[in-house]
Amino acid sequence: MPDSLHQPALQSLSKSFDPASIEARWGPEWETRGYASAGWRGTGSPSEQAAMAGDNFAIQLPPPNVTGTLHMGHAFNQTIMDSLTRYHRMRGYNTAWIPGTDHAGIATQIVVERQLQARGLDRRTLGETVTESRERFVTEVWAWKNKSGKTITTQMRRLGASVDWGREYFTMDTERSRAVTETFVRLAEQGLIYRGKRLVNWDPVLHSAVSDLEVESEEEDGSLWHILYPFVEGEQEVDGSLQRGLIVATTRPETLLGDVAVMVHPADPRYGHLIGKHVALPLCQRTIPIIADEYVDAEFGTGVVKVTPAHDANDYAVGQRHRLPMVCVLGLDATLRDAPLYFDPDTGAGGTGDARPTLMPTAYQGLDRFVARDRIVADLQALGLLVRVQPHKLMVPRCVRTGQIIEPMLTDQWFVATRKVATGDPTQRSIAQKAIDAVESGAVRFVPENWNSTFFQWMHNIQDWCISRQLWWGHQIPAWYGDDGAVYVARNADEAASQARAAGYDGPLRQDEDVLDTWFSSAMVPFSTVGWPWKDANDAAGTVALSDHALYFPSSVLVTGYDILFFWVARMIMMTTHFTGQVPFRHVYLHGLVRDAQGKKMSKSEGNVLDPVDLIDGIALPDLLAKRTEGLRRPETAEQIRRNTAQEFPQGIAAYGADALRLTFASLATLGRTLNFDTKRCEGYRNFCNKLWNASRFVLMHCEGYDCGLDTPAVGTSVADRWIVSRLHATIVEVHAGFAAYRLDNVATAIYSFVWNEYCDWYLEIAKVQLQTDSEAQQRATRRTLLRTLEAILRLAHPLIPFVTEELWQKVADVAGSRTCTDRPAMPVTASSLSVAPYPESDAGNQDDAATTAMQRLQNWVDACRNLRSQMALSPAARPALLLHPAPGVDAVFLDMATPLLCGLARLEGVRILHDEAAWNTSTQSAPVLVAADAHLCLAVAVDAASEQARLRKELARLEAEIAKARAKLSNPAFVAKAPLVVVEQERQRCTEHEAACAKVLQQLQRWE
């Protein structure tokens, strides 16, 4: 030991691990220093060497809602993206992680409208005119965006997201708005955008169409009404007897006023002879035909269903196949119209024919849809047309934003023609086909690959894309109308006026009031964030080697949940391939969705939502209860939510820190569709961070200020030294493979297993012995190995747990002498941060199979000694001698190496080696023996035979009772059927473990007897 030991690094490292203080320091420090800036190793500039080698990595953040907050799905998704980004940045790639937020048309408008309502205001009456009201409302939204829009990006910083904040975009900023307008206009010029009447998801409160992603269907209690539709031609034979009419089963009797047919299956023998006949529509003065279609489920209800094309998506498809008219009886506010809207399949609205309704029955006009339902059912019953009503479970579609039941509604909307070839397109392929070709060719690869078939199935059956929304917040559609009905699609009002004049119209123009679907602008993110429309021809061709376009487009990978494969991923591929001729990204990693510990979807209504920031900082139970029960759609569930929460988190949620949360997410990043999140795993990974902290303190304590042989070749390394270096090499190989395959669960497992099970549990304990018993040269080699391995561990784990590794590396790096990055000689960098230090690379020269074999033998011997101590109930203070009978193949060199380690690791007084079998048998007659890895082992402890037999019989009885109990449970069909699968599996595992323990006790007992 040096005369005066100077250990500033150790002294500056607190004795206990405190994630909060570490995160508060390093998050802002990384951002201030600009380490996440696009380019090479945080320099803010790209490396030409890296670019020439093709070492560029770019990733786009799926833009979260600007006024939203970070939820578990965001946190999981961003952990994956940040880990990949940090990994490639440390590997010396030109790296860019581009952040942005989405204007979230519906969600944001709802928030601001509620704020206005709280002030007694309505957006529709903010001004003297609709235009003025709209302008003032949009001003209110921008004010709200500027006030609250940083909430989610602040939370991202808490998680450690190393995005390039200097490139942050907003989907309604100037550049993105220009790209959206340009896209719309070009699509219109190419004949790929049109306005038409289609059935859409309609929210009667929002008064807007909504996308499928904004609709969730939940099973609810309802009814199935069986209604008689009388035959026009008089009684007919049905299933062997004369009947007055057909009985139709429906869950929505209020829409029968819009029926245009009744439908049966063409192969149903009960009704085949009735196809082509007519029935009278109840409550209306209309007759409708009986048609046949294979869509009908002959086993459901009576096998006869009503066809209402204007109010049901499936019926709409049937109507298109059979050229049926459409009768729209509901208004946009979901009340019954005074006069139905009639649309002829051939001539459009205003067609003629006997089936055309002109008036709604007076009794129903203006009624809310559900009030009308009750009135219609009562009238049907009074007329003797209601046959019966039965309870029925049905899936009810609700808007996730308002909770309102969605109404399929026939409205005028703007559409993108996805299967039409653009005018003048030399490829003669539709935008859908271009996307299909991109995946089929491998230019875009899905991970996991099983999503290919799902993608192709959807793309081959894709419908035209509805891109308009009846909102005020969003990109207003760049289309202007003249009084003569002509439409002019243009980049601005002046261009529209110019078009109108050229067409001979000089009157006033009115811009379309609708806005574009949020997914439309998001579909342009891959190319609108790197300069599209391209500023010049060279950039468009990608010839400027270090331009954003050349370096970061296409991006390397898109990381997103599988639930938006169609809403966003497919549309980005379509739009990007069509407008740039390139794919938007090379890989698409579609991960599963985060659910609670029981596998249930996290939702506000279930009261099982977890806030990632609460997991980082912790939250007291009263605050957690208040958060989970605030703003519930069904307030009556609040008490049950309180009970469930108090049961699951009786003390609230502990503060685990960002690193523990990130490591938990990484461990869950399998290729499955669901990820069950249990906070107990956070606790385990916080313990891991704490263990790494303590291990670092131990290494610094024994290395800082000592001669660690860093400047000289390694001399005097032990088997254990060579083994841990070999295992580090193998772990590095595993980690690189995990990142390459987007298997962060494998990365997390490899790092956790190596650090906890090998470095901490074995090598540190061995090092303690070697530092006390070995020669000076050997101790120097041990210190060098301790230090260099720890420093490599910190770099290896940094992408997953950046905060704790950065804090520790700052103390360890100088002691280990490992700050210089030399992978790009033209741009040498002294790493002032772990985030830009070089990532560990494997070195096959470090693989040492002989050391690994020797260590496996030693570990087995130590485990055997520990098992013997446990079996004999020895106190930790007891230090018995070990009797060891090695196999003939165990050489003296190994025994000399193993002896001091056995004494230190198994708490032994000494080791007595007995090569002679007779001497061994004589010496071990009165003590238990274990066989492990080329040796017999016995602890030299005097044992009373009768007492030991009694102890073993008692233990045997206990184990047999546990086995009997477990077998009884597992043989009970009710238990196996009703208990959760995880509980059944735990019981089977417990039974297996008890059986194995029982076999060992029996073996010992037989030896004594």
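**Entry 1. Strand pairing**

I began with strand E8 (residues 215–230) and looked up its partners in this predicted model. Over 13 bridges, E8 runs antiparallel to strand E19, which covers residues 386–399. For a specific contact I took Glu-216, whose bridge partner in E19 is Arg-398.

I then turned to the pairing of E8 with strand E11 (residues 245–250). Six bridges join E8 and E11, again in the antiparallel sense. Here I noted Pro-230, which has Gly-245 of E11 as its bridge partner.

**Entry 2. Aromatic pairs**

I searched the whole structure for aromatic pairs and obtained 29. I examined Trp-142 and Phe-170, which form an edge-to-face pair with 5.6 Å between the centres and 80° between the planes. Trp-142 belongs to helix H6 (residues 130–148) and Phe-170 to strand E5 (residues 169–170), so this contact ties together parts that are 28 residues apart in sequence. I checked the exposure of each ring residue: Trp-142 is partly exposed at 30% relative accessible area, whereas Phe-170 is buried at 6%.

Next I looked up Tyr-589 and Tyr-742, an aromatic pair that is stacked, at 5.8 Å centre to centre and with 20° between the planes. The stacked label follows because planes under 30 degrees apart count as such. Tyr-589 is in strand E29 (residues 585–591), while Tyr-742 is in the loop between helix H24 (719–740) and helix H25 (744–773); the pair therefore ties together parts 153 residues apart in sequence. Both Tyr-589 and Tyr-742 are buried.

I also recorded a cluster in which ring pairs link Phe-184, Trp-414, Trp-465 and Phe-520.

**Entry 3. Helix H24 and the residue after it**

Since Tyr-742 comes just after H24, I inspected its backbone and found a positive phi of about 55°. I then checked the helix itself. At 1.5 Å a residue, the 22 residues of H24 should span 32 Å, and the C-alpha atoms at its ends are indeed 32 Å apart, so the two values agree.

**Entry 4. Charges over rings**

I looked for charged groups placed over aromatic rings and noted two cases. Arg-86 lies over the face of Trp-30, at 4.5 Å from the ring centre. The charged end of Arg-866 sits over the ring of Trp-762, at 5.3 Å from its centre.

**Entry 5. Salt bridges**

Side chains of opposite charge can pair when their charged atoms come close. My count of salt bridges came to 55. I took Arg-743 and Asp-745 as one example, where N and O are 2.7 Å apart. In this bridge Arg-743 is partly exposed, with a relative accessible area of 23%, whereas Asp-745 is buried at 7%.

I next looked at helix H25, where Lys-768 and Glu-765 lie three residues apart, about one turn of the helix. Their closest N and O atoms are 3.1 Å apart, and the two form a salt bridge. Both ends count as partly exposed: Lys-768 has a relative accessibility of 35% and Glu-765 one of 30%.

I found a similar spacing in helix H33 (residues 981–1008), where Arg-988 and Glu-985 are three residues apart, about one turn of the helix. Their side chains meet in a salt bridge at 2.9 Å, N to O. Arg-988 is partly exposed at 38% relative accessibility, and Glu-985 is partly exposed at 40%.

Finally, I noted a network of salt bridges that links Glu-182, Arg-186, Glu-189, Arg-491 and Glu-495.

**Entry 6. Nonpolar cores**

In soluble globular proteins, nonpolar side chains tend to be buried together. I therefore looked up the nonpolar cores, and the largest has 141 residues. Which residues have the most contacts inside it? They are Phe-677, Tyr-759, Leu-786, Trp-861 and Leu-937. I then asked which element gives the largest share of this core. It is H25, with 16 residues.

Apart from that core I recorded another, of 64 residues, which includes Phe-184, Leu-187, Ala-422 and Ile-573. Phe-184 had already appeared in my notes as a member of the ring cluster with Trp-414, Trp-465 and Phe-520.

Terms used. Residues numbered from 1 in each chain as written. Predicted model: local features only at pLDDT ≥ 70, side-chain atom pairs only at ≥ 80, totals over all residues. Heavy atoms only, no water. Phe/Tyr/Trp six-rings, centres within 6.5 Å; stacked < 30°, edge-to-face > 60°. Helix = DSSP H or I, 4+ residues; strand = E, 2+ residues; numbered from the N terminus. Buried < 20%, exposed > 50% of the residue type's maximum accessible area, 1.4 Å probe, protein only. Lys NZ or Arg CZ within 6 Å of the ring centre and 35° of its normal. Salt bridge = Lys/Arg side-chain N within 4 Å of Asp/Glu carboxyl O. Core = buried A, V, L, I, M, F, W, Y, C linked by side-chain atoms within 4.5 Å. Pairing = 2+ DSSP bridges. Expected span 1.5 Å × (residues − 1).
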